[in-house]
Each structure stands twice: as structure tokens, then as C-alpha cells.
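Thank you for making the time this morning. I would like to walk through one structure with you, slowly, and I will go from the pairing of strands to the sheets, the domains and the core.

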Amino acid sequence: MNHPQAADTFLENPEHAKWHDRALWFVRQKRDKASKKLPEWEDLRDLAAGIKKHTLTKLSHYLQEFESKAQANGLHVHWAKDAEEHNEIVHSILEKSKVKKIVKSKSMLTEECHLNPYLESKGIEVIDTDLGERIVQLRREPPSHIVLPAIHLKREQVSEVFHEKMNTEKGNSQPEYLTEAARQDLRKDFLSADAAMTGVNFAIAETGGFVVCTNEGNADLGATLPPLHIASMGLEKVIPRMTDLSVFLRLLARSATGQTITSYSSHFHKAQEGSEIHVVIVDNGRSKILHEPEFIKSLQCIRCGACLNTCPVYRRSGGHSYGNVVPGPIGSVLAPHGSPEAHHSLPFASTLCGSCTDVCPVKIDLHTQLLNWRSKLMKSGYLPKSKVISMKVVSWTFRHPKVYATAGVLFRKIFPLLPTSLVYNRWNAWGKQRELPSIPKMSFREMYKKRKKP
Amino acid sequence: MSSRESILKALEKETLKPETHPEITLDAIQYENPIEVFKENCELAGAQVFIPSDPHCPKAIVHELFPDCSSILSYAEGIESNVNLSEVKSGHDLNSLELTVIKGELGVCENGAIWVDIKDLRFRSSLFICQHLVILLKAGSIVHNLHEAYEKVDFKGSNYGLFISGPSKTADIEQALVIGAHGPRSCSVIIEP
């Protein structure tokens, strides 16, 4: 299913779609308020982009520095070239310790690698512990947002699935009640898990440690109870120095939810006594992007979700319509690298308004990349014939001013006479849910000619 | 070739134009009343803040906040534990822990976060498994912003340290803020003179 088709499904309930749009705009406004409290906000964005840009030019160097420092700290470091190898590595570590059950905090990378179904097929129980992730796990669906995994759901839907799976009161949909129920239920899992998995927000080359940020404390509670902690990181997550963190932690939560910082920003350097920490560094297509100059900046992403919250298309089509683990503008520039066949409609799921670029804390040129993808996908033949032909006609017309002027005159005369069925039909996607603008009496050219000269 | 080598080779395949590592020299925000703003930001993050004038007060505040508390684990001087750590074999045994009291190293004005790095911390989970958390912080350790904090924190020999800002919380159900997700349900900060 392509994006417009999937978005249609989301829009079948217009009330819900409206609510979704407003909920995310509210988060975007919180981000604005938080950013405006810092006069140096724009300098911070420049710095963050600069540090990431520098790091990308020396990734191999910094990853090796991180590896040797981490090993000196007693951490175990593994390298995975793709999702399959990542899953195998994780499984082999778990198998060695005879792990039957793991608790996992939010990690988009493990979603990208489809780790949960893989481990489940090997007989290992996986419990997602972030409340939003737990909700979508119980509903057997993917997260719809990288920071707010259950933002597509109303409280009644959460209440329903909790009643079914956790036996909470039927019809009680108070967020406090449901959160408490999840706390009680997941506490049992925290206590009975044999191992924990987390993602990595930042890995520090200088010190060989890594940072995990959460509000719920689920990553820490999970990682500090059992004797085994596996942290998976995309290879672009490394940063050179400890002090660089000050820049990124100031930007991350403010951009994501409008908080000044998350409740917990935990710096793991050594395992506690009797425990092991493993770090899996994953490529899975990232090194390929590094050598595509027009797309390289997408590797600067710190997964804050600001571009999702601001995107008029994301807000009105929902995360699931993207059919990709990471939805929204950043997802639309990342997904086609892996599989253009499956994801060629995503770069078109944008108005190119540029709002994503404006809010990005690390200054990724998102809307430019979306445009680059469009031309790349057209050249590779992924566009429907109807679109290719109409674009060619329009382009030819624009290059011939006389034809353009004549066509305009004819169009304004003929169009109002056309019957509705000829104007609003399946070929006019634009007119599906809205009226076409009324036809002006005169073109700009004609107005300009007739104007009173001063 | 191992995956490690092939990944590193793929990263070096073409030489990218070198970019310098920017120095963090920016005019970061400073506050006129750092303690006041710090308190405000702690409260925004869901914490409650106490500023007693008497240095002997923390103990009284803890007792007032948690009278008859049956299980206190304290890493802070002046507050006594009533949990015998020598009987605790793993963090799991602390599941009924009511209160953990710790010392903060440094407070950050701009976001109400407190750097915690306890050298004799035997069970890291004790910071999260407890129902309530109290953090004692010296007023003089409050800095304006996160850049100053990272300059000041001594990471050498740090095994596990973290910034804590308020209690555990979530807004995953319809963006409604709920305090007390998986970790402490409350976070009280006592600022000592």
C-alpha cells in the first residue's frame, strides 16, 4: 500500500484525524516555547550541526576510539553489518546466558531490525517497557511516532486493550488509572527479566560510554536489575567528546516534547559488579548514505521527532500511513535508501513547506532531500505514467510563454462551462476533499496591461 | 573479512572533505537568581523543592515528608538508612523500598536537572525501584546551564552517572501528564546552604 492509500484509511474517521492533528501541533507549540526561552537557540543548532558534520567525516576514527575506550571500561563491543546480523548477535548473547525473558526500552533501531519477532521465534519473551511502546505491543501494531509511540490512540482504545490483556476495569480510561495499572503489571516483568535491552541516544568516543534518555525511568530500571544489558546503536550515534553532550542534551528534549531535559539522562560507562554490558554497533545501510552527498546530512539525525510533529502531512495522515518504522519527513528521506520499491511514495508525502527543516535541531535539509528523492525516483522509473506525462506537458508549457498565455485564456473561458463530473472525478486527486479555487476573470498578465500607469 | 572490518572499510571508502570540530564557545544563558530559577525548573519537571536555612534541617524535612517510613535507603550523610544493605543480595530485593535518599553533585539552573554519581552505589536500581526519591543538593553547586555542568563534572572514574530531573513520568496516553511511570512517584529536592 502506498502513502496516499494508507492515509485514506487514517482519514476515514475525520474527528479522530482532527484530534491527531491538534495533539501533535500542541507538542510543536511546546517545542516553540522551550526554544524561545534560550536566546542562543540558533547558535546551538549551528553547533550541533557542526559537531555532527565533523563526526561524519571521521566516523571510522571515532567508532574505533569508542570501541577501544569502551573495551577498556569492560564493555563488550560487537559490530553488525545489517539487521540480520544484529539480531543474531543479540540472540547469541542472550542464548549464552540462557535468557528466557528480556525487558526492552525504546529503541527505533531494534524496530528497524524487527528484533522482537525474531527473538520471539527463538522462544525468548520480549516485553517493551516504555508505556507507549507497551500499548502498541499489546495491540500487536508498530509505533506510529518515534517519541510518542501511541499518539494515534485515544484513551478509550488504551483502556480497551488494557482491559483485555491486563484485566483493568472495563470502561475506565483515566490516564492515571491506566498508567498505574501498567506500572504494577510491568514491575513484575522488570523483576523477572533475565536481561535488558536499550537503545543509545549518544555514544561518546572520548570516554567509551553511552547515554540513554527517558522520562519514565524504564531504561534504567530495566538495565540495572538483571545481570545483562545489551545496548544497540546505529553507527551514526557516536559523538567525539563528553562536552559535546551539553549541546545535544540541551536540544533533544526541547525539540522533542518541549521539556528542558528528560527526567533521566543516564551515562553508562562500566557495568555494575557481577553484570555485563554489551554494545552492538549497527550499519544496516548507513555507510551507504555516507557516500551520497545529497543525503549525507540525514545521518545527523538525533531522533527527536520534531519534524514529525510539525509536518502538516504527518499530522493529517498518521504514522502508520508511512509503512516505515520511522515515519514523517526524516523517515521519508531514510526509507527509500533501503527499498525504493516499497517506499517510493514517501518523498511525495510532503508539501515541501520546509517546516521540518526549520525545526530540525541538527539542521538537516529535510525538504531539499525530499525534493532530491523525487527527481531520483522519477529517473529510476518509480513514478506513475500519468504523473510523468502531465509533468512533462506542464514543463513544456512553462518553457513556451506564448503557449502558456494562450492556454490560460482558453482555460479560463472553457473551465467554468465544464460539468461537475468532468472536473471532480478520480483523476483530480486535489479536488477529492476540497473545492477548486474559483477562476479569476483576468490573468496577471492582463491586469498588468490594463493597470493605470502612474 | 569480519563485519567490523567491512563496516570500517565502507566508512573510509571515499574521503569526505574534512570538517573541523567546532569549539563550544557560545554565550549560554545566565540567570540573575539562579536558585529561584532552578527551583522553578525543578517544579516544572514535577519535583518539589525545599530551601531550609538551617543546615540541620534536611533530616527534619525527610521525617516530615515520610513519617513512619518503614524502609529508607540513604546514601546521604545525616540521613539514616533502616535497610540493611548487607542482607540485600540483588537489586530485586529492594522492590518494597519506600524511599531512597541521595546526594546530588551539581544542579543545573536552566532545566532543573541534578547530576548524580554515587561512588559507593551498590545497587543502581535503588535509584529507580523506590517509591520516592529525595535528593540533597548544596546551593553552591548550582550552575547556570548544561555547558557549565559538563565542564564541572568529573567523568574520570565515573561508572554510572545521570542527570535526574523530577520524578518518573509519562504522557503516552493522549499527551496527559502522569507522574510515577516506572520509577519514583515523587522527587523532593532539598537545597542546603
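Let me start with A:Phe268, whose bridge partner in β8(B) is B:Tyr160. That pair belongs to a longer match between two chains, in which strand β9 (residues 264-268) of chain A and strand β8 (residues 160-164) of chain B run antiparallel and are joined by 5 bridges. Please keep in mind throughout that this is a predicted model.

How many residues does each chain bring to the contact? Chain A supplies 68 residues and chain B supplies 63 residues. On the side of chain A that touches chain B, the largest share comes from helix α3 (residues 41-57) of chain A, which gives 8 residues. Sorted by class, that side of chain A holds 31 nonpolar, 23 polar and 14 charged residues.

Now to the sheets, and to chain A before chain B. In chain A there is an open sheet of 6 strands, ordered β1-β10-β7-β4-β2-β3, with parallel pairing. Its edge strands are β1 (76-80) and β3 of chain A, each of which pairs on one side only, and from one strand to the next the twist averages 20°. Within this sheet, strand β7 (residues 228-234) and strand β10 (residues 276-282) of chain A run parallel and are joined by 7 bridges; if you look for A:His229, you will find that its bridge partner in β10(A) is A:Ile277. Helix α5 (residues 83-96) of chain A lies across β1, β2 (101-104), β4 (195-198), β7 and β10 of chain A, and it runs at about 170° to β10(A).

Chain B has an open sheet of 5 strands, in the order β1-β11-β6-β3-β2, again with parallel pairing. The edges here are β1 (48-50) and β2 (72-74) of chain B, each pairing on one side only. Across this sheet, helix α3 (residues 57-65) of chain B lies over β1, β3, β6 (132-138) and β11 (186-192) of chain B, running at about 160° to β11(B).

Is strand β3 of chain B buried or exposed? This strand is mostly covered, with 5 of its 5 residues buried. The covering applies to both faces, since B:Leu99, B:Val101 and B:Lys103 are buried on one side, and B:Thr100 and B:Ile102 are buried on the other. As a general point, side chains in a regular strand alternate between the two faces of the sheet. On one flank, β3(B), residues 99-103, pairs with β2(B) in the parallel sense over 3 bridges, with B:Ile72 standing opposite B:Leu99. β3(B) is also joined to β6(B) by 5 bridges, the two running parallel, and there the bridge partner of B:Lys103 is B:Leu136.

Let me turn to a helix of chain A. In helix α8 (residues 131-138) of chain A, 7 of the 8 residues are buried, so the helix is largely enclosed by the rest of the structure. Among those buried residues are A:Glu133 and A:Arg134, along with A:Leu131 and A:Ile135. They pack against β3 (125-128), α9 (155-166) and α10 (175-192) of chain A, together with β9 (169-170) of chain B. Just after this helix, A:Arg140 takes a positive phi of about 55°.

Next, the domains. Chain A is divided into domain 1 (1-34 + 304-383), domain 2 (38-284) and domain 3 (389-450). The centres of domain 1 and domain 2 of chain A, taken over C-alpha atoms, are separated by 23 Å, and 22 residues of domain 1 are in contact with 22 residues of domain 2. On the domain 1 side of that contact, α2(A) gives the most, with 8 residues, and the residues of this side divide into 13 nonpolar, 5 polar and 4 charged.

Which residues have the most contacts inside the largest nonpolar core? They are A:Phe210, A:Phe248 and B:Ile135, in a core of 164 residues. Helix α12 (residues 244-256) of chain A gives the most to this core, with 8 residues. Domain 1 and domain 2 of chain A both give residues to the core, so it lies between them. To close where I began, the contacts of A:Phe210 beyond its neighbours within four places in sequence include A:Val200, A:Met233 and A:Phe268, and A:Phe268 is the residue whose bridge partner in β8(B) is B:Tyr160.

Technical notes: Residues numbered from 1 in each chain as written. Chains lettered and ligands numbered in written order. Predicted model: local features only at pLDDT ≥ 70, side-chain atom pairs only at ≥ 80, totals over all residues. Core = buried A, V, L, I, M, F, W, Y, C linked by C-beta atoms within 7 Å. Buried ≥ 20, exposed ≤ 12 C-beta atoms within 10 Å, placed from the backbone. Helix = DSSP H or I, 4+ residues; strand = E, 2+ residues; numbered from the N terminus. Domains from an automatic or database assignment. Contact = placed C-beta atoms within 7 Å. Nonpolar A, V, L, I, M, F, W, Y, C, P; charged D, E, K, R; others polar. Pairing = 2+ DSSP bridges. Axes fitted to C-alpha atoms, helices over the stretch in contact; angles between N-to-C directions.
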